[in-house]
Amino acid sequence: MKQYSSKRSIQILAHILKQYGINHIVLSPGSRNAPITIHFSEDDFHCYSIVDERSAAFVAMGMAKSMHKPVAVSCTSGSAATNYYPAIVEAFYQNIPLLILTADRPENYVDIFDGQTIRQKDLFHQHSYGDFQMKEDQETDADEYNFETVKKAVELCLEKQGPVHINIPLMEPLYEMVTELMPMPEIEKHIQENTYEIPSNVIAEWNTSKRILILLGTLDPSPELNVLLEQLVKNHSAVVLTESTSNQYHSKFFNHIDRYIFDFTEEDFKKYAPDLLITVGQNVVSKKVKLFLRKANPAHHWHVDPYWQPDTYFALTEKIYSDHEAFFTQLVKKVNLEPQAYYNLWDARRDKKDARHEEYSQQVPFSDFMVFRDLAESIPENYSVHVSNSSAIRYTLLFNFSEKHEVYCNRGTSGIDGCTSTTMGFAMMNDNPAVLITGDLSFFYDINGLWNKYIPPYTRIIIVNNGEGNIFRIIPGPGDTNAIGEYIATSHKMNASNLAKHFKFDYFQIETKDEFHRSLENFFKPSVQPKILEINTRSEDNADVQKDYFKFLKF
């Protein structure tokens, strides 16, 4: 016989979540959230136990990203809730729907030095789309208030596709159970849908522009969007710049931005500047393209995104709150698609840079650069590719990762925390296998991402271990200081062999080019356990190889 929590507030919460199809919840252990754990584990929810709250929130975020639907995450009171913050910030800037359920002490216990009692109400208000607090069962009109509060919170989470916080004060006793649920009504749903009608001035600005540049930021994979953008470049009407995390690829797109613009002179900034800039989606990785477009000062800048309208390039003139597919579907039907010399200007530069890229790539020694070059060609097509931040994501920009794969990276805040946990959450909810390509610091920083019994056996992790945060030897500035080794790059001698054994991953370590090439084919073969491949490049001059690459590209 099933046993449910006797707390009416929890019964209402569970009922409403099920009505909206939110049936996955990540739970972390604790006593104050015991009513949530007891009830949800009995009431037809898919429950996942992740001990470390920081990892748990990133796991939930990865699950939500994989399923394209909200995931709930619940913890006990006090410091446990604060550990959610890194993932909440990331979900906020990526628009990933998380429903954050924090159990709390009664409100009159705050600031009286009761154990695990902090100011939890509105804890995440700077980076959530809504903050709500339920009433305790004995309060006046609690049932009606809680019903409307949870309904409003869930609909906001769905509408904004981002994190929403519900704080839940709970008095003892916490472990009382019942076998019958209180009767509750069906939900009348009110979720606003975003509609957009393209204005006449937008059509006019396109038709009178001769230098149209479309920059794609972070986007979910969308074959429909890809086809629409192909129509805009078919006759060379526009230039489309992409990154690996744009998840759009075509031979007429310019898929390697830094390769083409890294050595722009002041004259080039003017020569290649657009008069109409269209930015699509969210964060871009390349600092070089930000510098270019901030100097370009285009006459018109449209940003297309249903959630965010950032003035990243200090030139925004048109805020287009629309799904990307809906906007471009209207655009291609209404604008003139005439050939423009602007495309040919960029194309001529691309031909020269691509030739130099191929020449350098063929002669590069064993290094981080070589590893990413070969991974782009070797990862099986059915794998989604997840990349940690810092140098790893920047290397993917130089190669064709998005030609055959979906590419994901936590670019909301661009931090190294939670990269492993997010990937594991994504893998848990996806029928296709996932591979994480991570630097050593990102991997070791999120060790508890492996403390997860739900990781599928076909999951793969590739650690490019150069023995430090090598990004700080690549970017200008840190290498000129005496603090580079110990305090900035944080050089180390760790490897993942013991961690792999502890968390029951198959483990392989390689240190040479030949070992690397021999290992790749077997690494992706089926196994009963997930696998880690650690590539030791710490003895190589990785930063110099990349710097030499950009020197070689110059002409």
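**Briefing on a predicted three-domain chain**

His236 is partly exposed, with a relative accessible area of 23%. This residue belongs to a predicted model, in which the chain is divided into domain 1 (4-177), domain 2 (200-348) and domain 3 (364-553). The chain has 23 helices and 19 strands. Its radius of gyration is 25 Å, close to the 24 Å that the globule rule gives for 555 residues, so the chain is as compact as a globular protein of that length.

**Whole chain**

- The C-alpha trace spans about 75 × 60 × 45 Å along its principal axes.
- Of the 555 residues in the chain, 58% are buried.
- The accessible surface of the chain is about 23,200 Å², and carbon and sulfur atoms account for 48% of that surface.
- When contacts between residues at least 6 apart in sequence are taken, 77% of them join residues at least 24 apart.
- The chain carries 54 positive and 73 negative charges, and the mean positions of these two sets are 5 Å apart.

**Domains**

- The centres of domain 1 and domain 3, taken over C-alpha atoms, are separated by 33 Å.
- In the contact between these domains, domain 1 contributes 22 residues and domain 3 contributes 22 residues.

**Backbone geometry**

- The peptide bond from Glu172 to Pro173 is cis, with omega near 5 degrees. Pro173 sits in the loop between strand 7 (164-169) and strand 8 (177-178).
- His236 is not a glycine, yet its phi is positive, at about 65 degrees. The loop that holds His236 runs between helix 8 (223-234) and strand 10 (239-241). Its relative accessible area of 23% makes His236 partly exposed, because that class covers values between the 20% limit for buried and the 50% limit for exposed.
- Phe314, also a residue other than glycine, has a positive phi near 55 degrees. Phe314 is in the loop between strand 12 (300-304) and strand 13 (318-320). With a relative accessible area of 61%, Phe314 is exposed, because the cut-off for that class is over 50%.

**Ile10 in helix 1**

- Ile10 is part of helix 1, which covers residues 8-19.
- The relative accessible area of Ile10 is 0%, so this residue is buried.
- Leaving out residues up to four places away in sequence, Ile10 touches Ser5, Pro35, Ile36, His39, Phe40, Ile168 and Leu170.
- Ile10 and Asp137 are 127 residues apart along the chain, while 9.5 Å separate their C-alpha atoms.

**Lys135 in a loop**

- Lys135 is located in the loop between strand 6 (131-133) and helix 6 (142-160).
- Lys135 has a relative accessible area of 24% and is therefore partly exposed.
- Beyond its neighbours within four places in sequence, Lys135 is in contact with Ser9, Thr140, Ala142, Tyr145 and Asn146.
- Between Lys135 and Thr312 there are 41 Å, C-alpha to C-alpha, and the two are 177 residues apart in sequence.

**Tyr196 in a loop**

- Tyr196 lies in the loop between strand 8 and helix 7 (200-208).
- Not counting neighbours within four places in sequence, the contacts of Tyr196 are Val202, Ile320, Tyr321, Ser322, Phe327 and Gln330.
- One of these, Tyr321, is 125 residues away from Tyr196 in sequence and 7.1 Å away in space, C-alpha to C-alpha.

**Val280 in strand 11**

- Val280 is in strand 11, which covers residues 276-280.
- The relative accessibility of Val280 is 2%, so Val280 counts as buried.
- Apart from residues up to four places away in sequence, Val280 touches Ile214, Leu215, Leu216, Gly217, Leu219, His303, Val304, His324 and Phe328.
- Val280 and Ile100 are 180 residues apart in sequence, and their C-alpha atoms are 29 Å apart in space.

Methods
Residues are numbered from 1 along each chain as its sequence is written. This is a predicted model: local features need pLDDT of at least 70, side-chain atom pairs count only at pLDDT 80 or more; totals for chains, interfaces and linings use all residues. Side-chain values use heavy atoms; hydrogens and water are left out. Helices (H or I, at least four residues) and strands (E, at least two) are DSSP runs, numbered from the N terminus. The radius of gyration is taken over C-alpha atoms; the globule rule is 2.2 Å times the number of residues to the power 0.38. Buried means under 20% relative accessible area, exposed over 50%, partly exposed in between (1.4 Å probe, protein chains only). Contact means heavy atoms within 4.5 Å. Accessible areas come from the Shrake-Rupley method with a 1.4 Å probe; for residues, only the protein chains shown count as cover. Lys and Arg count as positive and Asp and Glu as negative; His and the chain ends are not counted. The place of a charge is taken as NZ of Lys, CZ of Arg, CG of Asp or CD of Glu. Domain bounds come from an automatic or database domain assignment.
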